[in-house]
Amino acid sequence: MAVIEKSNGSSAGIGGSGSRISFGQRVRKDFAKNKLIYLMLSPAVAYFLLFHYGPMYGMQIAFKDFAIKLGINGSPWTGFDNFVDFFSSFYFGRILVNTILLSLYSLIFAFPAGIVLALLLNEVRKSWFKRTVQTITYMPHFISLVVVVGIMFDFLARDGLVNNMLNSLLGIEPIAFMREADWFRTLYIGSGIWQNVGWSSIIFLAAIATIDPSIYEAARIDGASRWKQTLHVTLPGIAPTIIILLILNIGQLLAVGSEKILLMYNPITYSTADVIGTYTYRKGILETNYSYAAAVGMFNAIISFTLLIIANAVSRKTSETKLW
Amino acid sequence: MRATTGEKVFGVFNITFLFGLSLAALYPLIFVLFASFSDPGQLVQTRGLLLFPKGFTFDAYRMVFMNPSIGTAYLNTLFYVIAGTALNIFLSSMAAYGLSRRDVLWKNPIMFMITFTMFFEGGLIPTFLLINELGLLDTRMAIIIPTAISAFNLIIMRTAFQAVPVELEESARLDGASDFRICWSVVFPLSMPVIAVMLLFYGVSHWNSWFSAMIYLQDRALFPLQLILREILIVNDTSSMMTDISSGDQMPIGETIKYATIIVATLPILCAYPFLQKYFVKGVMIGAVKG
C-alpha cells in the first residue's frame, strides 16, 4: 500500500532542466515525445473518468428528487431533504451502530489474527511445514463468498454438522445459528477470520522478511530469548506495516463487506446485521428509491474519507508512517 | 544456540496449533467433498464428522452436469472470466507501462486521479444509474466493463514495471523499438511473476463475482455460476434440478447436489491455485511493502 507515498521522484527531471521554456512549450514537447504513452494511458484515463468520476458526478442526486426519465440534470433539487429523512429515520441509528460494531470487532479480532499467525509462522524452523501451513491457510481466501456462506448455512443449520457435534459431545440443544440475531456478529467475524487469516498474514511475513538479520544477532548476543526478540525486534520491525494497514482499515470502518452480509442476513437478523451498505442496496436497488439511497451512500463515502484523513494525520504526528 | 525448556514447549505448542489451524482451514472443503460422493440415504443418517464418503456414488454429479441452468451458468462464468481477465490485463498493463515511465509530464496527475478512486467513490446507486444510462443493463458487458481496471492491481503492476532496468529499455529504443514494442517485448516478458499474480487476482475476482450480476442482470441465460449457486445454497432452491426424481427421494438428494455444486464451482480455482501460489506472495509484497 505504501507505494502510494512513493510517487516517483524522477518526474522532477522534466521541469528541472527546462525551467526557462514556458509551460505550454513543455506540454507540447512532452506530448510530441510521449504520444504513444498517452495513447496507451488513454483507455485507463477514460475508464476511470467514466466509471469512477462519473458516479461521483451522479452523487448529486442525493440532493435531488431523482426520476429516471428526467435524468440527473433534469431532476429537481430538494436540498438536504434526503439526508434529513435518513438521519431522522429509525434505521439511521441501528445501521450506524451495526456498521461500526462489525468494523470494530474485525479490527479487534480479525486484524491482530493475521499478525499473530505471521509471528507464529516465523517461529517455525522446519521450512516444509511452514510452507504447507501457508499454502493451506491462504486457500480459503480464494473461495467465493457464495460458497463460504453456503457452507455456513449448511454446517450451522439446526440439523447441521455443528449442531450435531455440539449435541452429541456436550448435550447442547440445537441452535438455529443463522436465524439468531445474537449470533450474527460472531459468525460474521469468525468466518471472516477463517477465510482471511492466512492471506492477511502474508503481508506481515513479508515485512518480517525485510528485517535485517544482524539485529537478531545483536539481540542474541545480548542474551535476548526468542520471546524477547519477537517483542523487541520483530514487532518494531513490522510496526510501519501494521500502522499503514491500520490506517486503511480505519478508512474502511463504514465499508464493511455488505456483499457477505447480503448473503448471510435475513429479516430475522436485521437488528444486528443490517449495515449502511445493505440498507443502501435495499432502498436503492430493491425499492428504487434512488435519491434517498444515494444520500445514504454519500454519507458513507464522506465519513469514510474523513476517517481515513484523520487516521493518516494522527499517524503522521505520532510516527513517521503515513499513507501520503 | 540451545533452546531453553520454555522455547521447546512453545515450539511443540506452536506446531500443534498451526497443524490444527490448517486442519480447520481444510476440513470444511474435505467434508463437502466426501459428502458430495456419499449416498444421500446414508448421509442423512450420519451425524458428526465425515472421515470418508458414506457409500460412494456419482449421482449428485450426474445431476449437476445434466442440469441445463448450471451448464449455461458455467459457460457464462467461463466467458466472464476469460474475456474479463483479458480486458483487465490488456488495459492495466498498458496503463501501468505508461505510468512506470520516466519523464512523462502528466504522469503524477493521472496517478493521483487513479489513486483517489481507491479512497472515495460515488457508490452503489450512482454507479447503477450510470450503467443503466449507458444501456448496459442486462448485457454481458455490464459484468465486464465496469470492472475493467482495478486501481489497486494497476498500482501493483506499475511498481513491478518500474523495476525493469532502464538500460534494456534504452537499448531497445536505440534499435528503433516503439513504446508498444518495448512494453510487449521487453517489460512484459520480464514481469511474468506480476502478470501471473494479476491473472490470479483478476481471474479469481471474476470467477467469484455475483453481486454485479445480481443487480445488473435479469436474463437467466446470462447468469454466472455464482448466482445460480446462491439460489441453490442460500435461497435454498434445488427444486428446479430434481423434476425427474420421485418425490420420496427429493430431500436427501438435494443435499448431495448442493455439495457437488460447491465442488464443481470451486475446483477450478483450487486446481489453479497451487501453480500460481509461488508468484502471488511476491505480488502481494510488491503491492504492499515496497516503497
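**View 1. Asp59(B) and its salt-bridge partner in helix H3 of chain B.** In this predicted model, Asp59(B) is partly exposed, with 32% relative accessible area. The side chain pairs up with Arg62(B) in a salt bridge, and the closest N and O atoms sit 3.1 Å apart. Both residues belong to helix H3, which covers residues 59-66 of chain B. They're 3 residues apart, so about one turn of the helix separates them. Arg62(B) is partly exposed too, at a relative accessible area of 48%.

**View 2. Glu231(B) meets Arg220(B).** Here's another chain B salt bridge, with 2.8 Å between the closest N and O atoms. Glu231(B) comes from helix H13 (residues 225-233), while Arg220(B) comes from the loop between helix H12 (211-216) and H13, so the pair ties together parts that are 11 residues apart in sequence. As for cover, Arg220(B) counts as partly exposed, at 44% relative accessibility.

**View 3. A salt-bridge network in chain B.** This close-up goes beyond a simple pair: five side chains are on show, and salt bridges link them into a network. The members are Arg101(B), Arg102(B), Arg173(B), Glu169(B) and Asp179(B). Over all chains, the structure holds 9 salt bridges.

**View 4. Glu123(A) and Arg226(A) bridge distant stretches of chain A sequence.** Moving to chain A, the side chains of Glu123(A) and Arg226(A) form a salt bridge with an N to O distance of 2.7 Å. Glu123(A) is in the loop between H5 and helix H6 (127-138), and Arg226(A) is in helix H11 (residues 226-251), so this contact ties together parts that are 103 residues apart in sequence. How buried or exposed are the two partners? Glu123(A) counts as buried because its relative accessibility is 14%, under the 20% cut-off. Arg226(A), on the other hand, is partly exposed, with a relative accessible area of 26%.

**View 5. A nonpolar patch on the surface of chain A.** No charges to look at in this one, just a nonpolar surface patch of about 430 Å². Which residues make the patch? Ile100(A), Leu104(A), Tyr105(A), Ile108(A) and Phe109(A) do. Phe109(A) has its place in helix H5, which runs over residues 90-122 of chain A. With a relative accessible area of 48%, Phe109(A) is partly exposed, and that value is over the 30% a residue needs to be part of a patch.

Terms used: Residues are numbered from 1 along each chain as its sequence is written. Chains are lettered from A and ligands numbered from 1 in the order in which they are written. This is a predicted model: local features need pLDDT of at least 70, side-chain atom pairs count only at pLDDT 80 or more; totals for chains, interfaces and linings use all residues. Side-chain values use heavy atoms; hydrogens and water are left out. Patches are made of residues with over 30% relative accessible area and no salt bridge: like charges are joined within 9 Å, nonpolar side chains (Val, Leu, Ile, Met, Phe, Trp, Tyr) within 5 Å. Accessible areas come from the Shrake-Rupley method with a 1.4 Å probe; for residues, only the protein chains shown count as cover. A salt bridge is a side-chain nitrogen of Lys or Arg within 4 Å of a carboxyl oxygen of Asp or Glu. Helices (H or I, at least four residues) and strands (E, at least two) are DSSP runs, numbered from the N terminus. Buried means under 20% relative accessible area, exposed over 50%, partly exposed in between (1.4 Å probe, protein chains only).
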